[in-house]
Amino acid sequence: SVKTAASGGGSMWPLILGGLGVGALAARQGMRMAQRSGVKMEVPPVFTGAAGAFKGAFGGLKNKDTLSGFASPMDRAEAKKILNTTDTNPSKDSIREAHRKLLVANHPDKGGSTFLASKINEAKEIMLGRKGT
């Protein structure tokens with residue numbers, strides 16, 4: 001016969017996971033106390049190597065243009081980047097077309113972000129000259 005938790009044969013998993021959690025907290029507190037008392041702890045080379053590999057894999061993301069947030073207030077150069085227009089002075093029709101394509105792809109009613117939709121709208125307003133910088 002198979003024992004279930006309801007019939008008195010409770011699972012040991014909560015006790016095992018709870019014990020691991022308490023053990024981890026105790027180890028952390030022990031390490032903190034050791035550091036406060038002046039004990040020097042060396043980081044194993046396995047972890048420094050992994051951190052170096054992580055930095056190497058994502059080191060190209062340090063480019064300012066790729067990870068910078070939105071400017072506040074948005075300027076014309078950023079509006080051109082958002083609308084993906086490369087012309088120095090794009091026509092009103094090309095601005096509206098780029099805006100329409102982006103908004104269709106990122107509309108909040110279709111699962112897109114409200115924040116991105118507002119930025120796309122703001123970029124259109126700036127490029128059409130309706131909103132001052």
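**Group meeting talk: a chain of helices**

Okay, let's start with contacts. If you take the contacts in this chain with a separation of 6 or more, 47% of them are between residues 24 or more positions apart. Keep in mind that this is a predicted model.

So what is the chain built from? There are six helices and zero strands. Reading along the sequence, you just get α-α-α-α-α-α. The chain has 133 residues, and buried ones make up 16% of them. As for the surface, the chain exposes about 10,400 Å², with carbon and sulfur atoms supplying 60% of that.

Let's walk through some helices, beginning with α1. This one covers residues 13-36. It has 24 residues, and from its first C-alpha to its last it reaches 35 Å. At 1.5 Å a residue you'd expect 34 Å, so the model comes out close to that. After α1 comes Gly-38, and its phi is positive, near 100 degrees.

Stay with α1 for a second and look at Ile-16, which sits in that helix. Is Ile-16 buried, or partly exposed? It's partly exposed, because its relative accessible area is 39%, and that falls between the 20% and 50% cut-offs. Ile-16 also belongs to a nonpolar patch on the surface, along with Met-12, Trp-13, Leu-15, Leu-17 and Leu-20. Together, those residues have about 690 Å² of accessible area.

Now for the charged side chains. How many salt bridges does a search of the whole structure find? Three. Let me take them one at a time.

In the first pair I'll show, Asp-93 meets Arg-96, at 3.9 Å from N to O. These two are three residues apart in helix α5, residues 92-105, so about one helical turn separates them. Asp-93 is exposed, at 59% relative accessible area, while Arg-96 is partly exposed, at 37%.

Next, still in α5, Arg-100 and Glu-97 make a salt bridge at 3.1 Å, N to O. They're three residues apart as well, about one turn of the helix. Arg-100 counts as partly exposed at 45% relative accessibility, and Glu-97 is partly exposed too, with 33%.

For the last pair we move to helix α6, residues 114-127. There, the side chains of Lys-119 and Glu-122 meet at 3.3 Å, N to O. Again, the two residues are three apart, so about one helical turn lies between them. Why does Lys-119 count as buried? Because its relative accessibility is 13%, and buried means under 20%. Glu-122 is buried as well, with a relative accessible area of 14%.

I'll finish with a lysine that does something else. Lys-80 lies in helix α4, residues 76-83. Lys-80 is buried, yet it has no salt bridge. Which side chain of opposite charge is nearest to Lys-80? That's Asp-87, and it is 7.8 Å away. A salt bridge needs the nitrogen and the carboxyl oxygen within 4 Å, so this pair doesn't make the cut.

Who does Lys-80 touch, then? If we leave out residues up to four places away in sequence, Lys-80 touches Thr-85, Asp-87, Thr-88 and Met-127. Notice that Asp-87 turns up in that set of contacts, even though Lys-80 has no salt bridge.

That's the tour, thanks for listening!

Notes:
Residues are numbered from 1 along each chain as its sequence is written. This is a predicted model: local features need pLDDT of at least 70, side-chain atom pairs count only at pLDDT 80 or more; totals for chains, interfaces and linings use all residues. Side-chain values use heavy atoms; hydrogens and water are left out. Helices (H or I, at least four residues) and strands (E, at least two) are DSSP runs, numbered from the N terminus. Buried means under 20% relative accessible area, exposed over 50%, partly exposed in between (1.4 Å probe, protein chains only). Lys and Arg count as positive and Asp and Glu as negative; His and the chain ends are not counted. Contact means heavy atoms within 4.5 Å. Patches are made of residues with over 30% relative accessible area and no salt bridge: like charges are joined within 9 Å, nonpolar side chains (Val, Leu, Ile, Met, Phe, Trp, Tyr) within 5 Å. Accessible areas come from the Shrake-Rupley method with a 1.4 Å probe; for residues, only the protein chains shown count as cover.
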